Amino acid sequence: SNSSNTASATVSSAALSVTVSNVISPVCHGGNDGSVTVNAANGTPPYIYSINGQSSPSTSGPYTFYNLSAGSYSVTVQDGAGNTASTPVSITDPAALVVTISGNTDIILGQSTTLTANGADSYLWNTGQTTQSITVSPSTTTVFSVTGTSTAGCTADAQVTVNVSDSNINLVVNDVDDVTCN
């Protein structure tokens with residue numbers, strides 16, 4: 001007797017998908033030099049990627065979008081067969097560089113004070129000095145400012161007013177009695 005076995009299999013392919021393979025935040029707070037790399041899977045090349053209205057050229061592999069600021073985006077891919085898939089992506093904003101100035105801000109005419117900047121890697125004062133601390137002896141109340149720069153090139157500014165007074169003693173003589181010593 002002849003017997004015949006028939007096997008059948010249904011092959012289904014997974015649906016087109018898009019994944020985010022790399023996210024790079026902007027270098028500085030508020031910058032727009034971030035990037036996102038995306039990759040399509042299970043579709044029919046070529047692919048066209050888009051992120052918030054910006055589209056890639058037709059490609060068969062991953063694509064990187066540049067010049068992005070921090071925020072939430074939606075990445076969409078369309079394959080050669082017209083299928084689409086989307087995924088959200090978030091780019092975080094690095095912390096802002098904060099520069100502060102410490103030091104005595106109330107001096108007497110003829111005195112000096114040392115102002116010290118903190119929070120950055122290098123400094124440029126409005127006096128032209130490039131040290132972290134400066135010693136100043138203003139003759140009148142003066143505003144001192146500094147721009148701090150991180151190693152990544154991010155900048156922040158700070159300023160302080162040094163108040164100058166004429167003297168620290170207000171001596172008032174109201175009455176003098178004759179004093180006799182024996």
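## Exercises on a predicted model

Four bridges join β2 to β5, and these two strands run antiparallel. The structure is a predicted model, and the exercises below work outward from this pairing.

**Exercise 1. Place the pairing of β2 and β5 in its sheet, and find which strands stand at the edges.**

Solution. Begin with a single pair of residues: V36 stands opposite F65 in β5. Next, set the strands in order, which gives an open sheet of three strands, β1-β2-β5, with antiparallel pairing. In this order β1 and β5 (63-68) are the edge strands, each with a single partner strand, so one side of each is left without a neighbour in the sheet. Finally, from one strand to the next the twist averages 25 degrees.

**Exercise 2. Work out the order and pairing of the open sheet of four strands.**

Solution. The strand order is β9-β14-β13-β11, and the pairing is mixed. At the edges stand β9 and β11 (122-125), and because each has a single partner strand, one side of each is left without a neighbour in the sheet. The twist in this sheet averages 30 degrees from one strand to the next. The mixed character can then be followed pair by pair: β9 and β14 pair in the parallel sense over three bridges, with D106 standing opposite N163 in β14, whereas β11 and β13 pair in the antiparallel sense over four bridges, and the bridge partner of L124 in β13 is T147.

**Exercise 3. Decide which side chains of β11 are buried and which are not.**

Solution. The side chains alternate along the strand, so that they fall into two sets: Y123 and W125 point to one face and are buried, while S122 and L124 point to the other face and are not buried. W125 also appears among the contacts of T116, a residue found in strand β10. Leaving aside neighbours within four places in sequence, T116 is in contact with T100, I101, S102, W125, Q132 and S133; with S133 there is, in addition, a polar contact between the two side chains, at 2.8 Å.

**Exercise 4. Describe the surroundings of L109, and say whether this residue is buried, partly exposed or exposed.**

Solution. L109 lies in the loop between β9 (106-108) and β10 (113-118). Its relative accessibility is 43%, and L109 therefore counts as partly exposed, since that class lies between the limits of 20% and 50%. Not counting residues up to four places away in sequence, L109 touches S139, V164, S165 and D166. For S139, the separation along the sequence is 30 residues, while the C-alpha atoms of L109 and S139 are 6.0 Å apart in space.

**Exercise 5. Locate the disulfide, and explain why it is left-handed.**

Solution. A search of the whole structure finds one disulfide, formed by C28 and C154, whose sulfur atoms are 1.9 Å apart. The torsion about the S-S bond is about -95 degrees, so the disulfide is left-handed. The pair links distant parts of the chain, 126 residues apart: C28 is in the loop between β1 (17-24) and β2 (34-41), and C154 is in the loop between β13 (142-149) and β14 (155-165). With a relative accessible area of 12%, C154 is buried.

**Exercise 6. Ask which residues have a pLDDT under 50, and what contacts the model has for them.**

Solution. For the chain as a whole, the mean pLDDT is 89, and 85% of the residues reach 70 or more. Over residues 3-12, however, pLDDT stays under 50, and for these residues the model has zero contacts beyond four places in sequence.

Key. Residues are numbered from 1 along each chain as its sequence is written. This is a predicted model: local features need pLDDT of at least 70, side-chain atom pairs count only at pLDDT 80 or more; totals for chains, interfaces and linings use all residues. Side-chain values use heavy atoms; hydrogens and water are left out. Buried means under 20% relative accessible area, exposed over 50%, partly exposed in between (1.4 Å probe, protein chains only). Contact means heavy atoms within 4.5 Å. A disulfide is a pair of cysteine sulfur atoms within 2.5 Å. A polar contact is a pair of N or O atoms within 3.5 Å; within protein, one must be able to donate a hydrogen and the other to accept it, and residues adjacent in sequence count only if both atoms are side-chain atoms. Two strands pair if DSSP finds at least two bridges between them. Axes are lines fitted to C-alpha atoms, for helices over the stretch in contact, and angles run from 0 to 180 degrees between N-to-C directions. pLDDT is the predictor's confidence in each residue, from 0 to 100.
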